[in-house]
Number of protein chains: 2
Amino acid sequence: MRNDAALDVFFRPKSVAIVGASSDPKKPGNTALKNLVTMGYKGRVFPINPREDSILGFQCYKNMLEIPEPVDICVLLVSAELTMQVAKELVERKSRFNDLSGAICMSAGFRELNTSEAKERERELVQSLRSASIRLIGPNCLGTIDAYSGFNTNFDIPHYPKGGLSILTQSGAFANSFLFWAEGLRLAGLSKFASIGNMADVSMGELLMLLKDDNSTRVIGLYLEGLPNPREFFETAREVSAVKPIVVMKTGKSDVGATAALSHTGSVTGADAFYDDAFKQAGMIRARTVLEFFDTLRAFERQPLPDGNRVCVLTHMGGPGTICIDEISATKNLQLAKFSPETHNAIKSICAPMANVGHPDGYIDLTAAHYEKLHNQVLQILFREENLDMVLQILAPSAFINQRLIVEEIAAAYQSQPGRKKPFLNAVTFGHFALEARQGLEDAGLPTFEYPDMLARVAGNMASYAAFRRTTAGGA
Amino acid sequence: MRNDAALDVFFRPKSVAIVGASSDPKKPGNTALKNLVTMGYKGRVFPINPREDSILGFQCYKNMLEIPEPVDICVLLVSAELTMQVAKELVERKSRFNDLSGAICMSAGFRELNTSEAKERERELVQSLRSASIRLIGPNCLGTIDAYSGFNTNFDIPHYPKGGLSILTQSGAFANSFLFWAEGLRLAGLSKFASIGNMADVSMGELLMLLKDDNSTRVIGLYLEGLPNPREFFETAREVSAVKPIVVMKTGKSDVGATAALSHTGSVTGADAFYDDAFKQAGMIRARTVLEFFDTLRAFERQPLPDGNRVCVLTHMGGPGTICIDEISATKNLQLAKFSPETHNAIKSICAPMANVGHPDGYIDLTAAHYEKLHNQVLQILFREENLDMVLQILAPSAFINQRLIVEEIAAAYQSQPGRKKPFLNAVTFGHFALEARQGLEDAGLPTFEYPDMLARVAGNMASYAAFRRTTAGGA
């Protein structure tokens, strides 16, 4: 599949019309306008509302035919019935002005209702827009965000930090849950977001191709319920995976889950075993839980790929350390690193006598005798160890540790690596009490996690993907 | 096994001596004293320090023999070597005054070092204290907390809300991670805490029996690496499970994890399959992840047991709802409830036409057309439905929802249930943005979770335990 340049209009339109724009601040048609401003969109904005002169300072138009300037894209925030009427206006406008190339239909009331009338309505909508070469995202969706261009139709998200994460989703609410969850502690930065709902026209695969060539996208998160053309999609996904990691959350483990998906976006989920296998073949990472989906995306967004699967665990807490080692061993895609005698001795020589270095291989427990500077010293030795591809650290700042200082020491050790850095993931386990340490590490570009077992799972996912990349032509 | 009343001294001593008390605020021997005050301990406190007259207003003594009043328990915060000397003083004191009945040895440097010298030292310590009928918790531990009596030797935790959760742990740091994690949002209240380290004398099983009869303990969390007498332990556990839920996090899925445990607390983990089966037989809930451990404990602490395993899911978001339904079906211990025609029609009649009621059974998606009061109305109907044992709700307060108001409506519906209430669990998925809603629900006694799949797992764990209880004589 080739990247269709026409889809770029969904992320960087020069102008946008909002059908269903409203002056009532409690309505999505108002928030959608406001969020374009707060996200920093610089293009032209045309609210369509027959009863208002202007909304939020933007001049209103009565319908799509009245706008006297070129319109790149139209956002539809009206009922399903009204959508069908506006679709006719869009086709008419295209034939007169030849300007519109995209439409985003947020409205529900189509195939997901699973009635023949609603399905027919969706078919008509697509047919009529296609006849005018207007591509459609939706219906039944939250549309798109481009954090770099500032284009934003997602009425829940007023602004977001720029970054390397892009999301394609069949559930706007699920993706928004992630964005809100990550925003408080600045855990992720966004490139592109597309909530594509019923996928009546523009498909998941087409958007994947667009992200493949998007320079600011480092990792792609997918929420999938089902696909109309899975085989075509997986060919595309394999091509994209050869360049960027794709992390996927897929429902439909069970037939009952499939019933819920059908009512949600009209998706037929398909046999789970087929999907599970297809994800592996395509080099995609399937998350087993929502948290694993969130955490794996964040690791890929902030850290480079490992050169191999040999990890070590550095901690000062025997219990959390043991939990992490246990999960590493259960995760078949990681190996505990065997330190060289030089590394072993260098670490031994600076730790307290009762510290555990190397039981088992790759494990270091500094014990409660740890202190800020010791983490820096041990990490510097680890980052130089050739038999090691990835460093995992588990921290909990007790009352005897200065949180600001330990962050400085850790960040200094990380920065001291010359050239390409080893991936470095941290678990910080003391919740709100450890907020300063956690935020400090995040702001230094070091992704943090809350649970020592999840640390191991995320590292395993990074190693699996890196292994896939080494098997592809365009490898790391 | 019978509950040994002598162990009560570890939680409600009338007086405590602290060997290794320090005037340096950066030392555990100082924090330990301070935390007794902040936790509200009302007993007598005797710091032992030969070089100080008083610390934090408490008169110091040069050694254990000098204290002129009865001493119930002694906390040891000195090196392993010095611990052996003090042990002699304890035995001597006991023979003279016949007062001491417990000792908590926090110090490391015993069996966990896995040297013959260190193992011998631990054997000697136990032998000498046993000869004087002084029971020992530790060594290599953080000791105990009783949030009700205010007794506290855990130098990381200065205070904690009272509640129904008790924790027994082979890793102090792991249990503290949970306490800190939960404290920020007041997600849990504590009854008793015991970090028992190497378990040289007082065993996990003995403390379990004590918690069985502890009125303020509603649920018990265990962190286990390995047990010297697993069969005896599991007999006890089964007896306790018949009265209170026990949730367990057990490492040793792999042989490599076992090596880490051995270096941590000198524990031999034993075959995982044996433990997995034994937990089931004993009616204990084994958590698969750290987060599942935390979340399951919180559910049991705040909510009653379900009468059966029929659940429903109420949400306004198709994606998170589908994820939850999918996990419910994957979790073999839950069933989706089949609503009576009355319930179905009553809910249908108050929801938006495009709301999904009952596809699949037990699933309600109010869609974005939801509003605060509607949750109250639908919940009231659900709480009256006889074919339903447990209600799960997934919320994300969008910009169009008043967080304070939706909490009021939900709490009102919950409170409106006459008599014994159905368990009610909520997922609130918008992270920091949803803090007001989440905190409001927690403060109303409704436990909240962040991820829709974890909501299903926690409900499954509650249903499994309730089923076990129905099979035991002392059943609910």
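**Figure 1. The largest cavity of this predicted model has a volume of about 390 Å³.** Welcome to the first close-up, taken from a predicted structure. Lining the largest cavity are 23 residues, and those closest to its centre are His432(A), Glu450(A), His432(B), Arg438(B) and Glu450(B). If you are following the secondary structure, look for helix 14 (435-443) of chain A and helix 14 (435-443) of chain B, each of which supplies at least two residues of this lining. Sorted by class, the lining of the largest cavity holds 15 nonpolar, 4 polar and 4 charged residues. A search of the whole structure turns up 7 cavities of 30 Å³ or more.

**Figure 2. The second largest cavity encloses about 150 Å³ of space.** Its lining is made of 13 residues, with Thr289(A), Leu291(A), Met454(A), Thr289(B) and Met454(B) lying nearest the centre. Two or more lining residues come from each of these elements: helix 9 (290-302) and helix 15 (452-471) of chain A, and helix 15 (452-471) of chain B. In terms of class, the lining of the second largest cavity comprises 7 nonpolar, 2 polar and 4 charged residues.

**Figure 3. Asn426(B) sits in strand 20 (residues 424-428) of chain B.** Is Asn426(B) buried or exposed? Its relative accessibility is 0%, so Asn426(B) counts as buried, the cut-off being under 20%. For those who like to look at side chains, a polar contact of 2.6 Å links Asn426(B) with Gln393(B). Setting aside neighbours within four places in sequence, Asn426(B) is in contact with Gln393(B) and Leu395(B), and also with Leu441(B), Leu446(B), Pro447(B), Thr448(B), Phe449(B) and Leu455(B).

**Figure 4. Glu436(B) belongs to helix 14 of chain B.** This is the helix 14 (435-443) of chain B that also supplies at least two residues of the lining of the largest cavity. Glu436(B) counts as partly exposed because its relative accessibility is 46%, which falls between the limits of 20% for buried and 50% for exposed. Which residues does Glu436(B) touch, not counting those up to four places away in sequence? They are Gln403(B), Arg404(B) and Val407(B). For a sense of scale, try Gly29(B), which is 407 residues from Glu436(B) along the chain. The C-alpha atoms of Glu436(B) and Gly29(B) are separated by 39 Å.

Key
Residues numbered from 1 in each chain as written. Chains lettered and ligands numbered in written order. Predicted model: local features only at pLDDT ≥ 70, side-chain atom pairs only at ≥ 80, totals over all residues. Heavy atoms only, no water. 1 Å grid on protein atoms, 1.4 Å probe; cavity = no way out; pocket = protein on both sides within 12 Å on 5 of 7 lines; lining within 4 Å. Points joined across faces, edges and corners; volume = space filled by probe spheres on them. Helix = DSSP H or I, 4+ residues; strand = E, 2+ residues; numbered from the N terminus. Nonpolar A, V, L, I, M, F, W, Y, C, P; charged D, E, K, R; others polar. Buried < 20%, exposed > 50% of the residue type's maximum accessible area, 1.4 Å probe, protein only. Polar contact = N/O pair within 3.5 Å; in protein donor to acceptor, adjacent residues only side chain to side chain. Contact = heavy atoms within 4.5 Å.
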